Amino acid sequence: MPREEMTGQPMPALARPVGGSTLLVAAVVVTVAALLGGDLAALSAAVGASVAPVFLGLTLLAARLGRDAGPQMLMALCVSTYLVKFVATALALALLQRQPWVEPTWVAASVLACAGAWLVGHVVATWRHRGLVEAPA
């Protein structure tokens with residue numbers, strides 16, 4: 001049975017807590033950075049806030065594209081995506097650290113805060129929709 005029939009809502013409704021919490025935390029971090037550190041800190045926090053959801057969202061995209069594959073193929077796809085994201089994130093942060101217009105502390109704080117919000121959003125979404133998936137008999 002498609003998920004839409006089980007919940008009465010389209011699939012994107014399950015992702016709202018994830019995106020909403022991440023956007024809220026990103027706005028707070030950028031605002032705090034602007035107040036405490038000025039324009040450069042706000043720009044750095046905005047860069048970090050944009051890096052986190054892009055890289056974290058790639059797993060959702062990979063899982064969505066491979067949802068019809070078997071469990072082994074889906075696991076391989078998600079693990080491969082994780083490894084690519086890890087290397088790409090490390091390279092992006094290493095390149096950003098060398099830029100004169102970036103304050104690494106605010107980038108790191110923003111990435112960590114947005115990643116934490118993303119994870120909390122996933123926990124909330126999972127908790128709310130935990131009855132949608134039944135274990136095979």
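In this predicted model, the second largest pocket is lined by Val51, Ala52, Phe55, Leu56, Tyr82, Lys85, Phe86, Thr89, Val111, Leu112 and Ala115. Three helices give two or more residues each to that lining: H3 (39-65), H4 (71-97) and H5. The pocket's volume comes out at about 200 Å³. Sorted by character, the lining residues split into 9 nonpolar, 1 polar and 1 charged.

Helix H5 deserves a look of its own. It covers residues 104-128, which makes 25 residues. At 1.5 Å a residue, a helix of that length should span 36 Å, and the C-alpha atoms at the two ends of H5 are indeed 36 Å apart, so the expected and computed spans agree. As for what H5 tucks away, its buried residues are Trp106, Val107, Ser110, Val111, Cys114, Ala117, Trp118, Gly121 and Ala125. Val111 is on that buried list, and Val111 also turns up in the pocket lining.

Next comes Cys114, which sits in H5 as well. Its relative accessibility is 0%, and because buried means under 20%, Cys114 counts as buried. What does Cys114 touch, once neighbours within four places in sequence are set aside? The answer is Thr22, Val25, Ala26, Ala49 and Ala52. Of these contacts, Ala52 is a name already met above, as one of the residues lining the second largest pocket. Cys114 can also be paired with Leu24: the two are 90 residues apart in sequence, yet their C-alpha atoms lie 8.9 Å apart in space.

Definitions and conventions: Residues numbered from 1 in each chain as written. Predicted model: local features only at pLDDT ≥ 70, side-chain atom pairs only at ≥ 80, totals over all residues. Heavy atoms only, no water. Helix = DSSP H or I, 4+ residues; strand = E, 2+ residues; numbered from the N terminus. Expected span 1.5 Å × (residues − 1). Buried < 20%, exposed > 50% of the residue type's maximum accessible area, 1.4 Å probe, protein only. 1 Å grid on protein atoms, 1.4 Å probe; cavity = no way out; pocket = protein on both sides within 12 Å on 5 of 7 lines; lining within 4 Å. Points joined across faces, edges and corners; volume = space filled by probe spheres on them. Nonpolar A, V, L, I, M, F, W, Y, C, P; charged D, E, K, R; others polar. Contact = heavy atoms within 4.5 Å.
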